[in-house]
Amino acid sequence: MDKIVSLCKRRGFIFQSSEIYGGVEALWDYGPLGSLLKNNIKSHWLKRFVQEEDNIVLIDGAVLMHPKVWMASGHLENFTDPLVECKNCHSRFRSDHMIDGRFIGQGKAKEKNQCPQCGEKEFTPPKQFNLMFKTFLGPVEDEAHITFLRPETAQSMFTDFKLVQEAMRLKLPFGIAQIGRSFRNEITTGNFTFRSREFDIAEIEYFVEPGQDEALFDFWLEKWEKFFLELGLKKENLRRYEHPKESLAHYSKRTVDIEYKFPFGWSELAGVANRTDFDLSQHAKFSGQDLSYFDDEKKKNYFPYVIEPTMGIERAVLAILCDAYQEIKGGRTKTTKSAKEVEVVLKLDKKIAPIKAAVLPLVRNKPALVKKAKEVYQTLKTHFVCQYDESGSIGRRYRRLDEVGVPFALTIDFETLEKDDLTLRDRDTMKQDRIKINELIEVLKKKLFE
Ligand SMILES: [Zn+2]
């Protein structure tokens with residue numbers, strides 16, 4: 001994990017927020033490469049679940065909502081973690097994490113129920129701590145103006161259910177999809193970006209006729225899992241976790257997590273929940289509006305059930321980085337003497353790699369090569385995110401590109417000037433092929449997206 005954290009910082013994937021001030025726990029900035037990677041995951045998600053689906057539409061809801069939303073949804077009452085306070089140093093912890101021994105080995109904690117800050121073992125009785133960030137709407141800071149930063153994106157898809165259904169003339173089953181910022185004031189943080197206080201959720205509320213919910217749950221679970229394989233994660237690093245009845249969230253009839261084998265252990269990456277008609281019927285009750293669906297064939301009104309596949313974009317990023325990271329002792333190149341050190345290759349899936357290709361003149365002191373390389377780069381960058389790099393030996397440049405997962409290196413050499421072709425080097429196989437420059441864009445499109 002330390003190696004991934006260090007690579008992320010050094011090469012511009014992920015930085016700690018406000019680092020010059022000592023950083024803030026569980027808040028992260030995505031750097032030039034990290035933000036491209038995130039965008040590529042989101043684009044692929046939108047293509048797969050909105051563009052290619054006949055009956056799923058996208059919305060972009062507000063982060064702040066009417067305070068009553070959180071009463072109706074049950075978050076005000078139930079979106080809590082049990083919190084205990086150390087009687088000696090007043091540090092606060094999640095009591096379930098204290099009990100399961102998560103802090104053992106951290107700071108002064110040598111056993112369960114011991115404070116990692118001071119080593120004492122006396123705590124206050126657990127009390128429920130709400131994980132929603134509180135804020136005020138407008139300039140008056142009193143009870144009546146309190147609202148919350150949304151802890152999930154789902155609620156606007158329920159409150160807009162009728163508007164979306166009517167505007168788009170949708171019939172069951174149909175889905176509303178959304179990718180958006182969510183906020184949770186986590187008590188326990190750590191494991192790099194895994195438990196962040198601010199993150200993007202990508203989720204779908206899939207509205208179905210009651211009675212069809214169980215079959216469609218299984219359908220979505222399979223589809224959801226397949227998406228992670230498409231992002232390049234290895235099958236053996238994914239598994240399902242079925243939540244036992246007694247630990248289900250207050251709205252759920254069934255929840256299955258998709259877990260990933262992170263360096264710190266199996267942990268939740270995504271999930272599918274059967275939210276029943278809980279949310280729509282609650283919002284109907286609290287708003288006084290009719291949120292039922294009129295079934296044309298059955299000639300009756302009812303509240304649809306909801307199957308909710310959900311994933312955290314940042315967790316996907318973390319899993320993808322862990323999965324793609326490879327170290328090769330002594331390097332992969334057998335021909336050069338310099339390749340004795342450990343070589344890092346980030347084997348990112350080509351379609352989500354932040355930079356698709358790099359254009360490299362073989363040497364930088366030959367103006368004809370540099371001129372040609374810059375020409376190729378200018379044309380290429382209107383089609384793909386790519387890079388121009390002329391500094392250092394060609395071997396060193398290849399290794400720099402491998403480390404951030406650039407799938408293709410395109411080298412302009414002396415032969416280029418005669419034949420108008422270049423060398424295309426594949427990151428994973430290191431195989432080099434000569435490609436005609438006028439065919440380059442088509443070749444790359446095939447290799448990247450097919
Ligand atoms: Zn303490």
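What percentage of the 450 residues of the protein count as buried? The figure is 35%. The structure shown here is a predicted model, and this report walks through a few of its parts.

**The whole protein**

Let us begin with the overall picture. The secondary structure comes to 14 helices and 23 strands. Along its principal axes, the C-alpha trace spans about 75 × 65 × 45 Å. Contacts between residues with a separation of 6 or more can be sorted by distance along the chain: 64% of them join residues 24 or more positions apart.

**Two open sheets**

Two of the sheets are worth a visit, and the table sets them side by side.

| Sheet | Strand order | Pairing | Average twist from one strand to the next |
|---|---|---|---|
| Open sheet of three strands | 5-4-6 | antiparallel | 50° |
| Open sheet of seven strands | 3-9-10-16-13-12-11 | mixed | 25° |

Take the open sheet of three strands, with its order 5-4-6. Strand 5 (92-94) and strand 6 (127-130) stand at its edges, and each has a single partner strand, so one side of each is left without a neighbour in the sheet. Strand 4, made of residues 80-85, pairs with strand 6 in the antiparallel sense over four bridges. If you would like to find this pairing in the structure, look for Leu83, whose bridge partner in strand 6 is Lys127.

Now turn to the open sheet of seven strands, where the pairing is mixed. Its edge strands are strand 3 (56-58) and strand 11 (238-242), and each of these pairs on one side only. Within this sheet's order, strand 9 is followed by strand 10. Strand 9 (residues 174-183) and strand 10 (residues 198-208) pair in the antiparallel sense, over ten bridges. Here a handy landmark is Ile176, which has Glu205 in strand 10 as its bridge partner.

**Helix 2 and helix 10**

Next comes a pair of helices. Two packed helices are described by the angle between their axes and the distance between the axes. Helix 2 covers residues 32-51 and helix 10 covers residues 313-324; they pack at an angle of about 110°, with their axes 10 Å apart. Angles of 65 to 115 degrees count as roughly perpendicular, and helix 2 and helix 10 are therefore roughly perpendicular to each other. Their crossing is right-handed.

Which residues meet at this contact between helix 2 and helix 10? From helix 2 come Gly34, Leu37, Lys38, Ile41 and Lys42, and they meet Ile313, Ala316 and Val317 in helix 10. The residues of this contact divide into five nonpolar, one polar and two charged.

Helix 2 is also the place of Arg48. Is Arg48 buried or partly exposed? It has 15 other C-beta atoms within 10 Å, so Arg48 is partly exposed; a buried residue would need 20 or more. Arg48 and Glu450 are 402 residues apart along the chain, while their C-alpha atoms are separated by 14 Å.

**Helix 9 and its surroundings**

The last stop is helix 9, which runs over residues 278-287. Phe278, Asp279, Leu280 and His283 in this helix are buried. What do the buried residues of helix 9 pack against? Their partners include three helices: helix 3 (67-72), helix 6 (154-159) and helix 7 (161-167). They also pack against strand 13 (265-276) and strand 16 (305-312). Strands 13 and 16 appear in the order of the open sheet of seven strands too. After helix 9 comes Gly288, whose phi is positive, near 75°.

How values were computed. Residues are numbered from 1 along each chain as its sequence is written. This is a predicted model: local features need pLDDT of at least 70, side-chain atom pairs count only at pLDDT 80 or more; totals for chains, interfaces and linings use all residues. Two strands pair if DSSP finds at least two bridges between them. Helices (H or I, at least four residues) and strands (E, at least two) are DSSP runs, numbered from the N terminus. Axes are lines fitted to C-alpha atoms, for helices over the stretch in contact, and angles run from 0 to 180 degrees between N-to-C directions. Angles under 35 degrees count as roughly parallel, over 145 as roughly antiparallel, 65 to 115 as roughly perpendicular and the rest as oblique. A crossing is left-handed if the near helix is turned anticlockwise from the far one by less than a right angle, and right-handed if clockwise. Two residues are in contact if their C-beta atoms, placed from the backbone, lie within 7 Å. Ala, Val, Leu, Ile, Met, Phe, Trp, Tyr, Cys and Pro count as nonpolar, Asp, Glu, Lys and Arg as charged, and the others, Gly among them, as polar. A residue is buried if 20 or more other C-beta atoms lie within 10 Å of its own, exposed if 12 or fewer, and partly exposed in between; C-beta atoms are placed from the backbone.
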